[in-house]
Amino acid sequence: HPVFCSIVVYPVIPKGLILLRMSPTATHTFTDIEETLIAFSAIRTRLENGTYKRMSAAVSAVMGE
């Protein structure tokens, strides 16, 4: 998804959590906002259905970890 944001991780927030930090500006349009919300919704769906865990496990298997 073509959305830029930085992450905040431990020790700023508790271990196991990630905070997404975004900086909207006056140049962003309502279309930009809608695209961001669609991207976040798609990512949430993948988090909830385990897609990223399966991908992570597959990468670990290939890397021999």
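**Pockets, a surface patch and a salt bridge**

Helix α1, which covers residues 30–49, gives the most to the lining of the largest pocket, with seven residues. The model is a predicted one, and this pocket is a handy place to start looking around. The volume of the largest pocket comes to about 370 Å³. Its lining is made up of 18 residues, and those closest to the centre of the pocket are V3, M22, H28, D32 and T36. Sorted by class, the lining of the largest pocket has 10 nonpolar residues, five polar ones and three charged ones. As for how such spaces are found in general, a probe the size of a water molecule is rolled over the atoms, and this shows where empty space is left.

Next comes the second largest pocket, with a volume of about 310 Å³. Helix α1 turns up here too, since the largest share of this lining, three residues, comes from α1. The residues around the second largest pocket are C5, I7, G16, L17, I18, L20, F40, I43 and L47. What classes do they fall into? Eight are nonpolar and one is polar, while no charged residues take part in the lining of the second largest pocket.

Some of these names come back on the surface. A nonpolar patch is formed there by I7, V9, Y10, I18 and L20, and together these residues have about 500 Å² of accessible area. I18 is a good one to pick out in the viewer: I18 sits in the loop between β1 (6–8) and β2 (19–21). Is I18 buried or exposed? With a relative accessible area of 58%, I18 is exposed, because the cut-off for that label is over 50%.

The loop between β1 and β2 has other residues worth a look. L17 lies in this loop as well, and at 48% relative accessibility L17 counts as partly exposed. L17 is also part of the lining of the second largest pocket. Along the chain, L17 and A61 are 44 residues apart, and their C-alpha atoms are separated by 24 Å. P11 has its place in the loop between β1 and β2 too. The peptide bond leading from Y10 to P11 is cis, with omega near 15 degrees. To put that in context, most peptide bonds are trans.

Now for strand β1, where V8 has its place. V8 counts as buried, at 7% relative accessibility, because buried means under 20% relative accessible area. Computed along the sequence, V8 and L20 are 12 residues apart, yet in space their C-alpha atoms are 6.4 Å apart. L20 itself belongs to the nonpolar surface patch and also helps line the second largest pocket.

Back in helix α1, there is a salt bridge to find. How many salt bridges does the structure hold? The structure holds one, and the pair in question is E48 and R44, whose closest N and O atoms are 2.9 Å apart. E48 and R44 are separated by about one helical turn, because they are four residues apart in helix α1. Both partners are exposed: E48 has a relative accessible area of 58%, and R44 has one of 55%.

Methods:
Residues numbered from 1 in each chain as written. Predicted model: local features only at pLDDT ≥ 70, side-chain atom pairs only at ≥ 80, totals over all residues. Heavy atoms only, no water. Patch = residues over 30% accessible without salt bridge, like charges linked within 9 Å, V, L, I, M, F, W, Y side chains within 5 Å. Areas by Shrake-Rupley, 256 points an atom, 1.4 Å probe, with all protein chains shown as cover. Salt bridge = Lys/Arg side-chain N within 4 Å of Asp/Glu carboxyl O. Helix = DSSP H or I, 4+ residues; strand = E, 2+ residues; numbered from the N terminus. Buried < 20%, exposed > 50% of the residue type's maximum accessible area, 1.4 Å probe, protein only. 1 Å grid on protein atoms, 1.4 Å probe; cavity = no way out; pocket = protein on both sides within 12 Å on 5 of 7 lines; lining within 4 Å. Points joined across faces, edges and corners; volume = space filled by probe spheres on them. Nonpolar A, V, L, I, M, F, W, Y, C, P; charged D, E, K, R; others polar.
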